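Dear colleague,

Please find below the sequence and structure that I am handing over to you. My findings on helix packing, pockets and cavities follow.

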Amino acid sequence: MSQEIFPLLNKKDARGNALVYFDNAATTQKPQSVLSIMNEVYSSYNANVYRGDYYWSEKTTALYNEARQKIADFIGAKYSEEIIFTRNTTESINLIAQILQRDYLKKADEIIISIAEHHSNYLPWWQIAQNHKAKLKVIGLNSEGYFDINQFKKTLSAKTKLVAIAGITNVLGTINPIKEIIQLSHKVGALVLVDGAQWVAHLPVNVKALDCDFFAFSGHKMYGPTGIGVLYARKDWLSKTEPLFLGGEMVSNFNGNSVCWANLPAKFEAGTPAYIEAIGLGGAVDYLSKIGFNAIQKREAGILQAALSGLESIKEITILGPKKPLCRSGIIAFNLKGIHAHDLSELLAEKGIMVRAGEHCAGPLHHFLKIPASARLSFGVYNTQSEVDYFLKVLKQINQSLNYGKK
C-alpha cells in the first residue's frame with residue numbers, strides 16, 4: 001500500500017506542497033502494475049480481440065478473457081458469462097433501466113430507491129416514472145442518518161418490481177443493509193439492482209451470497225482505468241433477454257432477414273470492446289486481491305476514525321450522516337461554518353489537499369438535508385494517518401481565520 005506503487009502521488013503541487021489526495025470516491029489513482037500491463041499490451045501485442053488468427057490477437061484475446069474470469073471470481077459470480085463489460089456504473093444501470101422499461105415494467109408497477117442515491121441510480125428510474133412507465137418510491141433516512149429500513153418495509157408491496165440501491169452511499173458513506181433489502185424484496189417478487197461503485201474497492205462482495213439480480217460498478221473507482229465498467233446479471237436472466245445495443249460481434253448469424261444472437265456475454269457487448277481497459281481492470285483486481293480486504297478495511301477504518309474524531313473536535317464543523325464509523329465506509333461529507341464548500345476546497349487545495357465539493361451528483365439528498373453543498377473526504381489504500389493529521393491542522397487554521405472571535 002506504499003505510495004511508491006502509485007507514481008502520481010509522489011509529485012508536488014506548484015507551491016511545493018506534498019499532495020494529499022482525498023477524492024477517491026470520484027476516482028482512484030492507478031498502481032504501477034495496472035499502468036504496466038496496459039502499456040505492455042499497447043506496446044507489445046495490441047490487436048483487436050476475437051478477430052485475428054495471429055499471435056497478437058490471440059494474446060490480447062487470452063488476457064481479455066482472463067480479465068473477465070478474474071472479475072467474476074472477485075465478485076463471486078458463478079459464471080464469467082454473467083460479467084458484461086460497459087463503460088462505467090452509469091452505463092450499467094442505464095442498460096438495465098432501458099431493458100426493464102422495454103420488456104418488464106408496466107404503468108402500475110413501482111420502483112424503490114433511496115434519497116441518498118447517486119444521480120446515476122436515481123435519474124434513470126425518475127425518467128421512467130416521468131414517462132409513466134412505472135411509479136417511483138423514494139425511501140428517506142432515519143433519525144440516525146441511515147437508510148430507513150422500516151419505511152422500506154412499509155413501502156414494499158406486490159406492486160414493487162425493482163429495488164435499486166447503493167451498497168455504500170457516495171456522500172454519507174453509509175453501508176446499507178443490502179442482504180436484508182434483497183431478502184425482503186425477493187419475498188414480494190421484486191428484482192434488486194445494487195450500485196456497487198463505492199463498494200468494490202473497500203469491502204468484499206459475493207453476488208451469489210447476496211442473491212442480487214444485478215450488480216454494477218466502475219473500474220476507475222477500484223484502482224483500474226477509466227472507460228471500463230461491469231454489469232453483473234444472472235445467467236438465466238441474460239439468456240432470455242433481448243440485447244439493447246446492436247452491432248458487430250454480438251450475433252452468431254445474420255442473413256439480412258433473420259438473426260441469431262451470439263452466446264453470452266458477447267450478446268450484450270456490441271462493437272469493439274474496451275479490451276485494454278478490461279485487461280487493466282483485471283490488473284486492478286490482482287492488486288486488491290494481493291493486499292486483501294482484511295488489510296484494506298483495517299487501514300481505512302483507522303483513518304476514518306481519526307478523521308471523524310478530528311472533525312468532531314472542531315465545533316464549527318457539521319458532519320453529514322452518522323458520526324460513528326459503525327456501518328460506515330471511508331467517506332465523510334461535512335461543512336464548515338462561515339464558508340461555502342467550494343471555497344473551502346479551494347483553500348485546502350492551496351495547501352496541496354484535494355477534496356471534493358458540491359452536491360456530489362446527489363442533488364435530492366442535499367435538498368433533503370436542506371444544504372446547498374458539502375465538502376467530502378474519501379479515502380483509499382494509499383492514504384495515511386499523517387495525511388489526516390495534516391488535513392486537520394490546515395482545516396483548523398482555516399477555521400480560526402474564519403471564525404476566530406465569533407460566537
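**Helix packing**

In this predicted model, helix α2 (residues 55-75) packs against helix α9 (residues 275-291) at an angle of about 45°, and their axes lie 8 Å apart. Angles under 35 degrees count as roughly parallel and 65 to 115 as roughly perpendicular, so the packing makes α2 oblique to α9. The crossing in which α2 passes α9 is left-handed. From α2, the contact draws on Thr60, Leu63, Tyr64, Ala67, Lys70, Ile71 and Phe74. From α9, the residues taking part are Tyr275, Ala278, Ile279, Leu281, Gly282, Val285, Asp286, Leu288 and Ser289. Sorted by class, the contact of α2 with α9 comprises eleven nonpolar, three polar and two charged residues.

A second helix pair is formed by α3 (residues 89-103) and α4 (residues 123-130), which pack at an angle of about 20° with their axes 9 Å apart. Because angles under 35 degrees count as roughly parallel, this value makes α3 roughly parallel to α4. Here α3 passes α4 in a right-handed crossing. On the α3 side, Ile93, Asn94, Ile96, Ala97, Gln98, Leu100 and Gln101 are in contact, and on the α4 side they meet Pro124, Trp125, Gln127 and Ile128. The contact of α3 with α4 contains seven nonpolar and four polar residues, and no charged residues.

**Pockets**

The largest pocket has a volume of about 310 Å³. Its lining consists of 23 residues, and those nearest its centre are Ala25, His118, Asn170, Gln198 and Lys221. By class, the lining of the largest pocket has seven nonpolar, eleven polar and five charged residues.

For the second largest pocket, the computed volume is about 220 Å³. This pocket is lined by 15 residues, with Phe85, Thr86, Glu91, Glu269 and Ala270 nearest its centre. The elements giving two or more residues to this lining are β2 (83-86) and α3. Helix α3 is thus named both in the lining of the second largest pocket and in the packing with α4. The lining of the second largest pocket divides into eight nonpolar, four polar and three charged residues.

**Cavities**

How many cavities of 30 Å³ or more does the structure hold? There are two cavities that reach this volume.

The largest cavity has a volume of about 40 Å³. Its lining is made up of Asn24, Ala25, Gln198, His202, Ser329, Gly330, Ile331, Ser378 and Phe379. Three of these lining residues are nonpolar and six are polar, with no charged residue. Ala25 and Gln198 appear in the lining of this cavity, and they are also among the residues nearest the centre of the largest pocket.

The second largest cavity has a volume of about 30 Å³. Ser114, Ala116, Leu141, Phe147, Thr169, Thr174 and Asn176 form its lining. In terms of class, the lining of the second largest cavity has three nonpolar and four polar residues, and again no charged residue.

Charged residues are thus absent from the lining of the largest cavity and from that of the second largest cavity, whereas the lining of the largest pocket includes five and that of the second largest pocket three.

Yours sincerely

Definitions and conventions: Residues numbered from 1 in each chain as written. Predicted model: local features only at pLDDT ≥ 70, side-chain atom pairs only at ≥ 80, totals over all residues. Heavy atoms only, no water. Axes fitted to C-alpha atoms, helices over the stretch in contact; angles between N-to-C directions. Helix = DSSP H or I, 4+ residues; strand = E, 2+ residues; numbered from the N terminus. Parallel < 35°, antiparallel > 145°, perpendicular 65-115°, else oblique. Left-handed = near helix turned anticlockwise from the far one by under 90°. Contact = heavy atoms within 4.5 Å. Nonpolar A, V, L, I, M, F, W, Y, C, P; charged D, E, K, R; others polar. 1 Å grid on protein atoms, 1.4 Å probe; cavity = no way out; pocket = protein on both sides within 12 Å on 5 of 7 lines; lining within 4 Å. Points joined across faces, edges and corners; volume = space filled by probe spheres on them.
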